[in-house]
Amino acid sequence: MEDEFKSADIFLLPAHNTPFSGFLDAMSYELPVVTIDAWANSEIVEDGKTGFVVRRSEKIPYYVENFIPNFGSSRFQQAIRTPDPQVVGELVEKVSILIDYPQLRKRMGKAGRWEVEEGRFSIERRNRQLKQILDEAFAGGKG
């Protein structure tokens, strides 16, 4: 995959799930990410900063009641196989912007790399957060 990332300018993955490590891998190679607003994608990719997040299709039943995922249903599986022209159009628009504006592409790519190395997704930050969670869990058990 390294050769693919190195030869790319943009990482386009309109995923109906959240490929956390895939997004972070692309960001580590300074690739702006273009995806859809499904699940936690917009929590990883900051729209306008580290890439673009387009609105997901309203034709796809992502959830059943109370935000319970609907992955296994045949209705969901069929819906994700049917392209939504509006979503496709927005994806084309965002990718076109990145093609037409290399400086924006570069700025978003660098912002993504910073998030992986120094920001929200850095190992140091994740380790601090994990330590805090564990410290609180162990402190709670001593009472």
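Student: What makes up the accessible surface of the protein, and how much of it belongs to carbon and sulfur atoms?

Tutor: The accessible surface comes to about 9,200 Å², of which 53% belongs to carbon and sulfur atoms. Such areas come from the Shrake-Rupley method with a 1.4 Å probe. The model is predicted, so local features need pLDDT of at least 70, side-chain atom pairs count only at pLDDT 80 or more, and totals for chains, interfaces and linings use all residues. Residues are numbered from 1 along each chain as its sequence is written, and side-chain values use heavy atoms, with hydrogens and water left out.

Student: Why are some residues called buried, and what percentage of the 143 residues count as such?

Tutor: A residue is called buried because its relative accessible area is under 20% (1.4 Å probe, protein chains only). Of the 143 residues, 34% meet that description.

Student: How do you know how many helices and strands there are?

Tutor: They are DSSP runs, numbered from the N terminus: helices are H or I with at least four residues, strands E with at least two. On that basis the protein has 7 helices and 3 strands, in the order α-β-α-β-α-β-α-α-α-α from the N terminus.

Student: Which classes of residue are found in the lining of the largest pocket?

Tutor: The lining has 9 nonpolar, 3 polar and 1 charged residues. Ala, Val, Leu, Ile, Met, Phe, Trp, Tyr, Cys and Pro count as nonpolar, Asp, Glu, Lys and Arg as charged, and the others, Gly among them, as polar.

Student: Which helix gives the most to that lining?

Tutor: H5 does, with 3 residues.

Definitions and conventions: Buried < 20%, exposed > 50% of the residue type's maximum accessible area, 1.4 Å probe, protein only.
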